[in-house]
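I sat down with this model to jot down what I could look up in it. My notes follow, in the order I took them.

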Amino acid sequence: MKYDGYIQSSDYEDLYFDIIQPNIINLNLLFAGFKPVKNKHYLELGFGMGRSLLTHAVSNEGHFVGTDFNENQVAFAKNICEQAKISNLTLYADSFEQLLERFRKMRAKGEEVSFDFIVLHGIYCWVNEENRQIILSIIKEFLREGGVVYISYNCLPGRATNMDARHIFKLYSQNENTENFDKIFSFTEKFAQLEPENTINKNILDTINTHRHSHPIYRIHEFLCDSWYLPYFSDMAETMKKLGDLNYICECVLAYHFKKFTPKQENFLAQINDVIFKEQMKDFILNKRFRYDLYGKELLKLSDKQIDDYLFYTQFVLLDYPTSHTFKDCEENLKWAYIELISRLENEDFTPKSAKTLMMGIDINQRVFFSLLINLMTLNLVGICMPNTTRKIDEVKFYNHSLLKNQKLSEEYIFACALTGGGISLDSLERAFLNHYFNENQMNLEELFERIYQNENFHFNDANNQACKDRESVFTQLSLHYKKFLRRLPILMKLEMF
Ligand SMILES: C[S@@+](CC[C@H](N)C(=O)[O-])C[C@H]1O[C@@H](n2cnc3c(N)ncnc32)[C@H](O)[C@@H]1O
């Protein structure tokens, strides 16, 4: 079933994206040399199940607004918002067109409607041309000066090899009136096997193989919408520029600020002065398939000294300990630096520390230091830390406790953290242990282990990575996991999540 060219027959997955967290966007702005956006009047277009928006609203001051026209999804998000009493979130079930009308009417009545952040993840390529124009109108009319837009999209050149397969998937789906990918793949594969060595067919078979085991809901939303718009980055940047001084800032991926090209590639890129042209050529070098762009409206450019000041006084906090495998493939000196950083973050009862304090006395240059810190953030071991209000910390605790009671959560689940302003993933065992920790009187540890052992959703491997079959080996693994949990618990408490 489609509505306005978009799939409505299946609700989207319950996913969280830390990339659209205001503090992470701000850290990207800093690395790109721009002043972070202070206020958080934040709009998310097409929020899906709303997990990112709920998490960001509950853990940040400011006001958060979102829309999605899938009513089931909005009802799901609204239910959580009401239960958790999130005070600074407005959820609409508007289409983009209805939202634009709503905002225009509100403004005509004299209400203040404008945003410091407008974010849309996984939307722009999959809606039709009319809706892309409506999205651009929302950005043009309602982004504040000094505000920022995050927009992600499939891009050329990398996606080009999937175009033919996607076209056949869509035609077959329309003709046979089916969204069943076993059938769609089987038909397309049969066609490609007619001449498997032909380049087009090789690409089609590669596309099928890549997506054979991807999530069924993802496949429907990726391939079966009426549109599958594929821009080059430079086209996207030009579209944004035409909206009125919306300039490309950077790719909103922290690790990308430290991306190394080979000396030959660097030499080639050095001859290009134009920012957009250079970035486009990087996409060709990397054969980019997906982009996460940030555009800014009259953002303030910082001097090198100001960037250093901002960066050095940014605080970081430990989120989790590495495992024995985390740094196993690292060079020895880098391994040492990572372990030293973790131990500094652990000191003084996990108190958040500025980059300046963390760097003191470590003999590495500033760029390497920040790249290590960003790698630790990418591994979800370290988070950026911003002061937040007691009110928000209390709201987060209430939200997290209400999530904790919900047994029907998937394996990894996202909890909120007011100190970082974003989500933190806890797995199902950690949740079971936390529930036990907060309700100790209900059962002892032995009973908890027994209950987990009996639960068919839990599976354990032993030290040799073999599936545990008997009660004793499961209990041994559970004891190890529990020890690991007890080590992380003081970190979670310091993060004031519960
Ligand atoms: C691929 S999902 C992405 C959801 C979410 N941003 C995420 O990344 O998890 C696209 C979402 O856009 C919503 N959407 C598509 N067209 C829309 C429109 N015209 N107006 C409002 N929402 C729309 C869909 O209902 C869907 O939830």
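**A small start: one bridge**

I began with a single pair: Q315 stands opposite S354 in strand 11. For the record, this is a predicted model, where local features need pLDDT of at least 70, side-chain atom pairs count only at pLDDT 80 or more, and totals for chains, interfaces and linings use all residues. Residues are numbered from 1 along each chain as its sequence is written.

**The sheet around it**

I then looked up the strands on either side. Strands here are DSSP runs (E, at least two residues) and helices are too (H or I, at least four), numbered from the N terminus. I count two strands as paired if DSSP finds at least two bridges between them. Strand 10 covers residues 315-318 and pairs with strand 11 in the antiparallel sense over 2 bridges. Strand 10 also runs antiparallel to strand 12, joined by 4 bridges. There, L318 has V382 of strand 12 as its bridge partner. Put together, I get an open sheet of 3 strands in the order 11-10-12, with antiparallel pairing. Strand 11 (353-354) and strand 12 (382-385) are the edge strands, each pairing on one side only.

**The ligand**

Which residues are closest to the ligand? I found G46, G48, F69, N70 and G122, out of 21 that surround the ligand; a residue is near if its C-beta atom, placed from the backbone, lies within 6 Å. The shell splits into 9 nonpolar, 10 polar and 2 charged residues. My classes: Ala, Val, Leu, Ile, Met, Phe, Trp, Tyr, Cys and Pro are nonpolar, Asp, Glu, Lys and Arg are charged, and the others, Gly among them, are polar.

**The annotated span**

UniProt (unreviewed entry) puts "domain: Methyltransferase" at residues 38-162; such annotations may be inferred rather than shown by experiment. I got 39% helix and 26% strand for residues 38-162, with the end C-alpha atoms 40 Å apart.

**The whole chain**

I tallied 20 helices and 14 strands in the protein chain. The radius of gyration (over C-alpha atoms) is 24 Å, close to the 23 Å from the globule rule (2.2 Å times the number of residues to the power 0.38) for 498 residues, so the chain is as compact as a globular protein of that length. Along the principal axes, the C-alpha atoms fill a box of roughly 60 × 60 × 60 Å.
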